[in-house]
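Please open the structure in your viewer and keep the selection tool at hand. We will go from one stop to the next together.

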Amino acid sequence: MLWLKAFHIFFVVSWFAGLFYLPRIFVNHAMAEEAAVKERLKLMERKLYKFVTPIGVLAVATGLWLWLGHRDIFNGGWIHAKVALVAGLVAYHFYCGHLVKVFAAERNTRSHVWFRFFNEVPVLVLLAVVILVVVKPF
């Protein structure tokens, strides 16, 4: 189980790194005016999303494996709250994929300020998940 936990933590950290950086690229893209800069940002968005998606799948898969394989340890209301937050994070991830396509088609209508707020969502989710896992408040 310790090896599985180690890999789960590695995949979660890697997934979050991508979810922290991709929306930051969106901020820059929403502010960009030069065509060459926009094209470079489109490339970065597409490559990062393609790279981080399988890592997210591995994070979720190893988490489910831990949970379902060790229900005697991982029980209580906190795990259900964590799973709900992870489900929301998966939706956030797929919405980022939608935004990659929106930017690629040059159809973005949102401001860089909106993306700055959007960028904070995974930070808040991470904080909540860490508190749930460490403190197990319920």
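This tour visits a pair of helices, then some annotated spans, then two annotated residues. Keep in mind along the way that the model is predicted.

**Stop one: two helices.** Select residues 2-31, which form helix 1, and residues 77-104, which form helix 3. Their axes are 11 Å apart and make an angle of about 40°, so the two helices are oblique to each other. The crossing of helix 1 with helix 3 is left-handed.

**Stop two: where they touch.** Now show side chains. On the helix 1 side of the contact you will find, among others, Trp15, Phe16, Leu19 and Phe26. Helix 3 contributes residues including Leu89, Tyr92, Cys96 and Phe103. By type, the residues of this contact are 14 nonpolar, 3 polar and 1 charged.

**Stop three: the annotated spans.** Colour residues 6-27, 48-67, 79-96 and 117-135, which an unreviewed UniProt entry annotates as "transmembrane region". Zoom in on residues 48-67: this span is 100% helix and 0% strand, with 28 Å between its end C-alpha atoms. Next, go to residues 117-135, where the chain is 89% helix and 0% strand and the end C-alpha atoms are 27 Å apart.

**Stop four: two residues to finish.** Which residues does UniProt list for "binding site"? The unreviewed entry names His8 and Lys82. They span 75 residues in sequence, yet their C-alpha atoms are no more than 14.2 Å apart, so they gather at one spot. Both His8 and Lys82 belong to the lining of the largest pocket. His8 lies in helix 1, and His8 and Lys82 are also among the residues where helix 1 meets helix 3.

Note on methods:
Residues numbered from 1 in each chain as written. Predicted model: local features only at pLDDT ≥ 70, side-chain atom pairs only at ≥ 80, totals over all residues. Heavy atoms only, no water. Axes fitted to C-alpha atoms, helices over the stretch in contact; angles between N-to-C directions. Helix = DSSP H or I, 4+ residues; strand = E, 2+ residues; numbered from the N terminus. Parallel < 35°, antiparallel > 145°, perpendicular 65-115°, else oblique. Left-handed = near helix turned anticlockwise from the far one by under 90°. Contact = heavy atoms within 4.5 Å. Nonpolar A, V, L, I, M, F, W, Y, C, P; charged D, E, K, R; others polar. UniProt positions renumbered as here; feature names shortened; annotations may be inferred. 1 Å grid on protein atoms, 1.4 Å probe; cavity = no way out; pocket = protein on both sides within 12 Å on 5 of 7 lines; lining within 4 Å.
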